[in-house]
Amino acid sequence: MQVTGKIVVVTGGAKGIGRALCEVFHRAGAAKVVVADIDPAGARAVAAKVDGAAFKCDVGKETDIRHVIEETERQFGPIALFCSNAGIGGGFDPLADNAGGTSDEPWSRSWAVHVMAHVYAARHLVPRMRARGEGYFLNTISAAGLLSQVGSPAYSTTKHAAVGFAENLAISHKAHDIRDSILCPQGVDTDMLRSIPRGPQSGDGDLTPEQVANDALKGIEQETFVILPHPQVLGYMRKKTENYDRWISGMAKIQAKMREDFGK
Ligand SMILES: NC(=O)c1ccc[n+]([C@@H]2O[C@H](COP(=O)([O-])OP(=O)(O)OC[C@H]3O[C@@H](n4cnc5c(N)ncnc54)[C@H](O)[C@@H]3O)[C@@H](O)[C@H]2O)c1
């Protein structure tokens with residue numbers, strides 16, 4: 001799909017990868033870029049730069065997502081591309097001694113932001129897209145959704161669930177000409193990455209948000225399901241499926257090394 005002349009929504013657009021997506025879509029000639037973020041001042045600042053519009057939105061709340069969709073379509077026209085990009089890095093602790101954690105909080109918040117946000121976008125847009133016979137979702141997930149995030153069970157689990165939902169969205173609606181891509185980088189130089197301890201996510205080098213956004217645009221133009229800004233991830237996925245037990249052992253060694261380094 002070409003974004004030129006299209007209406008695009010980006011959640012988590014105030015910063016990081018989301019801001020870079022807004023800028024790249026604007027440069028590619030999108031008719032309107034809608035920046036939706038829990039941080040309204042940040043969303044307005046990015047919207048001003050891309051001649052777009054800003055909405056305050058907590059993506060974990062269905063009413064907020066529905067409001068963004070309804071108001072965008074009422075004010076600007078049909079949404080061609082909806083990017084569920086907002087994410088949170090909570091629950092990261094390489095020293096945790098129980099993968100189940102100690103409370104539900106990081107799990108329920110990550111579930112709301114990383115999974116239900118994508119479900120709500122589909123729930124309220126698929127009927128509109130089906131009626132129009134076209135539409136596109138870009139879901140920013142992570143290589144952690146295909147592999148794992150050492151030190152963060154809640155992040156890994158919810159990002160895996162997001163991959164599961166995106167696959168099902170693509171399968172369910174291919175016949176309706178609705179497309180879906182998942183954007184799965186490793187480390188990207190943003191506030192989120194800087195807020196967690198340095199780890200294997202940076203092993204192949206951190207990319208800039210702009211590099212990741214450019215790859216996302218290319219992937220959308222080519223209608224590729226999996227967009228891997230770090231191409232090494234494909235090799236890791238192959239290794240995982242070739243020999244799951246060896247892969248778990250390798251990841252456990254990384255976990256042990258992180259425990260040792262962070263314990264010091
Ligand atoms: N930075 C990385 O290394 C990396 C790697 C892989 C995947 N990702 C994913 O990329 C996405 C963007 O991350 P980033 O690194 O740009 O992070 P970031 O912290 O720089 O930006 C995240 C943006 O999302 C917004 N946000 C957070 N919770 C929200 C909510 N409930 N509702 C609406 N907006 C909300 C924040 O206000 C912020 O503007 C996330 O889904 C993240 O999991 C990041």
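Analyst: Quick vocabulary first: helices (H or I, at least four residues) and strands (E, at least two) are DSSP runs, numbered from the N terminus. This is a predicted model, where local features need pLDDT of at least 70 and side-chain atom pairs count only at pLDDT 80 or more, while totals for chains, interfaces and linings use all residues. Residues are numbered from 1 along each chain as its sequence is written, and side-chain values use heavy atoms, with hydrogens and water left out.

User: Okay, let's start with the ligand. Which residues come nearest to the ligand?

Analyst: "Near" means that a heavy atom of the residue lies within 4 Å of the molecule or strand. Here 29 residues surround the ligand, and Ile17, Asp37, Tyr155, Val188 and Thr190 come nearest.

User: Which helices supply at least two residues of that shell?

Analyst: Look at α1 (16-27), α4 (105-132), α5 (153-173) and α6 (191-194). Of these, α6 gives the most, with three residues.

User: And how does the shell divide into nonpolar, polar and charged residues?

Analyst: Ala, Val, Leu, Ile, Met, Phe, Trp, Tyr, Cys and Pro count as nonpolar, Asp, Glu, Lys and Arg as charged, and the others, Gly among them, as polar. That sorts the shell into 14 nonpolar, nine polar and six charged residues.

User: Where does a backbone N or O atom of Ile17 lie?

Analyst: That atom sits 2.8 Å from an oxygen atom of the ligand. Val59 also uses a backbone N or O atom, 3.0 Å from a ligand nitrogen. Lys159 uses its side chain instead: an N or O atom there is 2.9 Å from an oxygen of the ligand. Taken alone, the ligand exposes 830 Å², and the protein buries 93% of that.

User: On to α3. What should its 14 residues span?

Analyst: The expected span is 1.5 Å times one less than the number of residues. For α3 (residues 62-75) that comes to 20 Å, and the end C-alpha atoms are 20 Å apart, so the two agree. Just after α3, Gly77 takes a positive phi of about 125°.

User: Which residues of α3 are buried?

Analyst: Buried means under 20% relative accessible area, with a 1.4 Å probe and protein chains only. In α3 that fits Ile65, Val68, Ile69, Glu71, Thr72 and Glu73. They pack against β1 (7-11), β2 (32-37), β3 (53-56), β4 (79-84) and α4.

User: Is Ala122 buried or exposed?

Analyst: Ala122 lies in α4 and counts as buried because its relative accessibility is 7%. Contact means heavy atoms within 4.5 Å. Leaving aside neighbours within four places in sequence, Ala122 is in contact with Pro127, Phe137, Phe165 and Leu169.

Methods
Polar contact = N/O pair within 3.5 Å; in protein donor to acceptor, adjacent residues only side chain to side chain. Areas by Shrake-Rupley, 256 points an atom, 1.4 Å probe, with all protein chains shown as cover. Buried < 20%, exposed > 50% of the residue type's maximum accessible area, 1.4 Å probe, protein only.
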